[in-house]
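Welcome! Have a look at the protein below, then try the short exercises that follow it.

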Amino acid sequence: MAAAASPAVIARILKRKEQEKKSKQHQHQHHHHHHRHSHHDKRRGSHQGSSSAPHKGGNHSRDASPKVSPSASPKSSPKKSHVKSNGSEEQSNAHVVIVGGGYAGIAIARKLQGKINFTLIDPKERFHHHIGALRSAVRTDFAKKTFIPYKATFGKQFKQGRVKDVKTSDRTIILETGETISYTHLVIATGCTGPFPGRVDDTITADEAISRYNNLAEQIETADKIVIVGGGVAGIELTGEILSAHKNKNVTLIHAHQHLINDDVLPAVRTKLQEKLARYGVTFILDERVKNLDEVATNVSKPTTVKTDAGTEVSADLVIRCTGVKPNTAVFANNLGGKVDDSGRLKVNELFEVDGVEHVYAIGACNDVAEVKMPRHSTAQGELLAENIVRKLDNKEMKPHTQGQLMMEISLGPNAGVSQVKGLILGSFLTKYRKSKDLFVHRFWKKVMKQEVPH
């Protein structure tokens with residue numbers, strides 16, 4: 001009679017059997033995977049033929065051109081991308097359409113460049129590096145450095161145009177010209193709109209914008225009493241730029257809230273900024289809202305009186321508005337209107353997928369991700385989505401967006417400022433070298449857009 005096996009022996013036998021079972025399952029899956037791809041290759045070959053034979057309707061190579069037409073004519077029916085049986089598109093057939101060429105848009109485009117076919121669409125011919133906008137309003141030699149051509153970086157993958165509508169049912173967008181463009185993935189990166197000088201109207205050319213900045217710089221130089229409306233980052237930085245260039249100006253900063261900037265920064269940051277600006281001679285009017293802003297002329301030297309809801313009146317030679325930034329999502333009202341929150345931002349999940357809409361994403365300042373809307377965060381979102389689209393096409397799990405600790409640099413001219421870096425507060429010396437000195441101009445020209453900075 002055989003001796004009874006000990007518990008340890010039984011455990012080893014069961015463990016070996018379980019390993020053998022897993023090994024057989026792995027072999028079966030590998031065989032099925034190989035068979036599926038072999039069948040797919042044959043089917044793809046039957047559609048495309050050999051590499052030397054032209055594709056029907058064009059001379060497209062398998063690697064260089066997707067089946068989706070990047071710019072289908074208005075009368076043509078857009079071609080659909082080839083979709084695997086499990087629902088994810090092949091990289092060779094993917095066409096990512098990016099609407100909006102701000103910080104988020106160029107970030108995802110640069111990360112996809114050379115990997116996935118994409119089309120970047122923007123109404124402007126040049127990217128506006130609006131981190132430098134407020135210095136452009138004060139120093140006439142600076143504005144030209146804040147407009148960077150798209151074509152030199154993205155070539156034929158950039159299309160200047162304005163989107164009129166999106167049809168998610170057949171995965172196409174429609175331009176104002178009537179042209180339709182098909183997509184496998186749509187990325188909305190339209191950012192925010194706001195008043196000049198913090199933002200530039202996308203209906204004017206870069207040269208016209210530069211002329212407007214230079215004109216405002218002349219208005220600031222001749223004005224004596226200047227009122228800045230808005231004590232957020234834009235209002236604070238513009239005040240700092242003005243007083244670093246023109247130390248004897250009489251500047252009043254009016255802010256509708258009790259504290260400068262917002263509640264996202266540490267109280268000590270607000271205190272330091274206010275102390276530095278006070279040393280420049282700035283007058284602060286806090287927790288009062290300008291009630292006649294629509295009646296006074298802005299950005300032009302003209303004697304006027306600014307009135308607040310608390311009864312305060314301030315005489316001014318020049319009034320500059322640094323408030324009123326809002327999400328630029330109005331164009332998507334027809335088909336995505338139900339996907340925006342009360343502030344106009346597109347509702348997204350942790351993967352930036354627009355709520356309930358397949359293959360449509362929103363990144364940057366136009367989405368409702370609960371973090372400070374700033375270029376650094378927009379860039380990070382664009383880079384993460386680029387990585388996730390590649391992962392999705394490779395049938396890999398996408399990485400959810402997670403928020404880190406706030407990093408914010410606030411310039412007060414080329415040589416001063418305050419920074420909050422992961423809970424630490426940095427003064428003028430380090431802020432100068434982190435941001436204030438050139439406002440990231442060289443970085444965006446050379447490292448991001450791969451172009452030479454104009455002199």
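The exercises below walk through this predicted model, each with a worked solution.

**Exercise 1. The overall build**

Task: Find how many helices and strands the protein has, and what share of its residues is buried.

Solution:
- Start with the secondary structure: there are 11 helices and 21 strands.
- Next, turn to burial. A residue counts as buried when its relative accessible area is under 20%. Of the 455 residues in the protein, 47% are buried.
- Then look at the outside. The accessible surface is about 23100 Å², and carbon and sulfur atoms hold 49% of that surface.
- Finally, consider the contacts with a separation of 6 or more: 63% of them are between residues 24 or more positions apart.

**Exercise 2. Cysteines**

Task: Work out how many disulfides the structure holds, and why Cys-192 counts as buried.

Solution:
- To form a disulfide, two cysteine sulfur atoms must lie within 2.5 Å. The structure holds 0 disulfides.
- Take Cys-192 as a case: the nearest cysteine sulfur belongs to Cys-366 and is 7.8 Å away.
- Now for burial. Cys-192 counts as buried because its relative accessibility is 14%, and the limit is under 20%.
- Cys-322 can be handled in a similar way: with a relative accessible area of 15%, Cys-322 is buried.

**Exercise 3. Empty space inside**

Task: Find which residues line the largest cavity, and sort them by class.

Solution:
- Begin with the idea behind the search: rolling a probe the size of a water molecule over the atoms shows where empty space is left.
- A search of the whole structure gives 1 cavity of 30 Å³ or more. The volume of the largest cavity is about 40 Å³.
- Its lining consists of Lys-124, Glu-125, Arg-126, Phe-147, Val-200, Ile-204, Thr-205 and Ala-206.
- Sorted by class, this lining has 4 nonpolar, 1 polar and 3 charged residues.

**Exercise 4. An open pocket**

Task: For the second largest pocket, find which helix gives the most to the lining.

Solution:
- The second largest pocket has a volume of about 240 Å³. It is lined by 14 residues, and those closest to its centre are His-377, Gln-403, Gly-404, Gln-405 and Leu-406.
- The helix asked for is H9 (residues 375-393), which supplies 3 residues to the lining.
- By class, the lining splits into 4 nonpolar, 6 polar and 4 charged residues.

**Exercise 5. Two loop residues and their partners**

Task: Locate Ser-301 and Ala-256, and list what each one touches beyond its neighbours within four places in sequence.

Solution:
- Ser-301 sits in the loop between strand E13 (283-286) and strand E14 (304-307). Its relative accessibility is 31%, so Ser-301 counts as partly exposed.
- Beyond those sequence neighbours, Ser-301 touches Gln-219, Thr-222, Ala-223, Asp-317 and Leu-318. Lys-225 is 76 residues from Ser-301 in sequence, while their C-alpha atoms are 9.7 Å apart.
- Ala-256 belongs to the loop between strand E12 (250-255) and helix H7 (267-279). With a relative accessible area of 23%, Ala-256 is partly exposed.
- With the same kind of neighbours set aside, Ala-256 is in contact with Asp-287, Glu-288 and Arg-289. From Ala-256 to Val-229 the separation is 27 residues in sequence and 8.7 Å in space, C-alpha to C-alpha.

**Exercise 6. Backbone details in loops**

Task: Say which two residues a cis peptide bond joins, and give phi for Arg-171 and Asn-395.

Solution:
- The cis peptide bond links Phe-196 and Pro-197, with omega about 15 degrees. Pro-197 is in the loop between strand E10 (192-193) and helix H5 (206-222).
- Arg-171 is a residue other than glycine, and its phi is positive, near 55 degrees. Arg-171 lies in the loop between strand E6 (163-167) and strand E7 (172-175).
- Asn-395, also other than glycine, has a positive phi near 60 degrees. The loop that holds Asn-395 runs between H9 and strand E19 (407-411). Asn-395 counts as partly exposed, at 40% relative accessibility.

**Exercise 7. One last loop residue**

Task: Decide whether Glu-179 is buried or exposed.

Solution:
- Glu-179 is placed in the loop between E7 and strand E8 (180-182).
- Its relative accessibility is 14%, so Glu-179 counts as buried.
- As for position, Glu-179 and Val-163 are 16 residues apart in sequence, and 9.5 Å separates their C-alpha atoms.

How values were computed. Residues are numbered from 1 along each chain as its sequence is written. This is a predicted model: local features need pLDDT of at least 70, side-chain atom pairs count only at pLDDT 80 or more; totals for chains, interfaces and linings use all residues. Side-chain values use heavy atoms; hydrogens and water are left out. Buried means under 20% relative accessible area, exposed over 50%, partly exposed in between (1.4 Å probe, protein chains only). On a 1 Å grid over the protein atoms alone, a cavity is a set of points where a 1.4 Å probe fits but cannot get out, and a pocket is an open set with protein on both sides within 12 Å along at least five of seven lines; lining residues have an atom within 4 Å of a point. Grid points are joined across faces, edges and corners, and a volume is the space filled by probe spheres set on the points. Ala, Val, Leu, Ile, Met, Phe, Trp, Tyr, Cys and Pro count as nonpolar, Asp, Glu, Lys and Arg as charged, and the others, Gly among them, as polar. Helices (H or I, at least four residues) and strands (E, at least two) are DSSP runs, numbered from the N terminus. Contact means heavy atoms within 4.5 Å. Accessible areas come from the Shrake-Rupley method with a 1.4 Å probe; for residues, only the protein chains shown count as cover.
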